[in-house]
Amino acid sequence: MEGLVNSRIIPIRTSCRRHYSVFLPTFSLQLRNKNLNKGQVWMMRRPKSLDSVAASIQPLEASTTGNTDNRQPSKEVLELWRSADAVCFDVDSTVCVDEGIDELAEFCGAGKAVAEWTARAMGGSVPFEEALSARLSLFKPSLAQVQDFLDKRPPRISPGIEELVKKLKARNTDVYLISGGFRQMINPVASILGIPQENIFANQLLFGSSGEFLGFDANEPTSRSGGKATAVQQIRKVKGYKALVMIGDGATDLEARKPGGANLFICYAGVQHRESVAAKANWLVFSFTDLITALE
């Protein structure tokens, strides 16, 4: 999980909900020499790919496929939550109160059609990579449109998430953002929460030398189904965490609970309550206050 190296940073002005931060210099695109449609591509390097390894603690499965009692965590779930040395958060509809790609699409005039694809992807009815490609093809955002969006639509974070992240850090628990969204829109969120860039796993939009949309970096693990699980496995391999928790609202977050991945999956339904996902969670919460209180 290396940082960016040997790179020339092209700053992109963004805004965030915090009025004291108008510029976020670490959130930027990097010019790399890569042949795609015979043009230059603007993108950000990702961490080196690593193979998954078996975890020292096996994942804790939900008691039943149709678990209806998981709003009250078991003793084992609470112990894992309190002893976790790393917590990974989904971003859209979890850390933030909206779906980033839906917001960008609406800004570009294709909101309804893209939102329908998002619902299908998060419910697990279509492969994530298929839904991602289909959504982007509906509006093909240019670099200028993304910049304008970031200026005019600062991130809206969920109630309680700042306090939860602060409490986790105070306990020396490492915090990560793992998202099927885009780095361009997630880096400002990480800045608000004080999460370092190397702790972000997300997708990357690609633009040509004139700022035209080219696609997304398919080499990012989070660009495909099972990608969040792969990212979690990479994190555990590098850091050697004994207990890791994944928190999110969608099917791709649930996938992260597997051998070598997350030991515990907490479904956050404070924005979107996806019943098929919630039923399989180890713990279902509608407010981050529940997680904060459990740490006290």
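This passage describes the aromatic pairs, the largest pocket and the cavities of a predicted model.

Four aromatic pairs occur in the structure. One of them joins Phe89 and Phe288, whose ring centres lie 6.3 Å apart. The planes of these two rings meet at 75°, so the pair is edge-to-face; the cut-off for that class is over 60 degrees. The contact links distant parts of the chain. Phe89 belongs to strand S4 (residues 86-89), while Phe288 belongs to helix H12 (residues 288-295). The two residues are 199 residues apart. Both Phe89 and Phe288 are buried.

Phe288 also pairs with Tyr268. Here the ring centres are 4.0 Å apart and the planes stand at 5°, so this pair is stacked. Stacking requires planes under 30 degrees apart. Tyr268 sits in strand S10 (residues 264-268), 20 residues apart from Phe288 in helix H12. This pair, too, links distant parts of the chain. Tyr268 is buried, at a relative accessible area of 3%. For Phe288 the value is 0%. Through these ring pairs, Phe89, Tyr268 and Phe288 form a cluster.

Attention now turns to open space. The largest pocket holds about 240 Å³. Its lining comprises 19 residues. Asp98, Gly100, Phe149, Pro155 and Met185 lie nearest the centre of the pocket. Several elements each supply at least two lining residues: helix H2 (91-95), helix H3 (100-107), helix H6 (143-152), strand S5 (174-182) and helix H8 (183-193). By class, the pocket lining has 11 nonpolar, three polar and five charged residues.

Enclosed space was searched for as well. Across the whole structure, two cavities of 30 Å³ or more are found. The largest cavity contains about 120 Å³ of space. It is lined by 14 residues, and Asp92, Glu99, Phe128, Gly180 and Gly181 lie nearest its centre. Helix H5 (128-137) and S5 each contribute at least two residues to this lining. S5 gives the most, with four residues. The lining of the largest cavity divides into five nonpolar, four polar and five charged residues.

The second largest cavity encloses about 40 Å³. Phe128 and Gly180 are among the residues that line this cavity. The rest of the lining consists of Thr222, Arg224, Gly226, Gly227, Lys228, Thr252 and Glu255. One residue of this lining is nonpolar, five are polar and three are charged.

Terms used: Residues are numbered from 1 along each chain as its sequence is written. This is a predicted model: local features need pLDDT of at least 70, side-chain atom pairs count only at pLDDT 80 or more; totals for chains, interfaces and linings use all residues. Side-chain values use heavy atoms; hydrogens and water are left out. Rings of Phe, Tyr and Trp (its six-membered ring) pair if their centres lie within 6.5 Å; planes under 30 degrees apart count as stacked, over 60 as edge-to-face and the rest as tilted. Buried means under 20% relative accessible area, exposed over 50%, partly exposed in between (1.4 Å probe, protein chains only). On a 1 Å grid over the protein atoms alone, a cavity is a set of points where a 1.4 Å probe fits but cannot get out, and a pocket is an open set with protein on both sides within 12 Å along at least five of seven lines; lining residues have an atom within 4 Å of a point. Grid points are joined across faces, edges and corners, and a volume is the space filled by probe spheres set on the points. Ala, Val, Leu, Ile, Met, Phe, Trp, Tyr, Cys and Pro count as nonpolar, Asp, Glu, Lys and Arg as charged, and the others, Gly among them, as polar.
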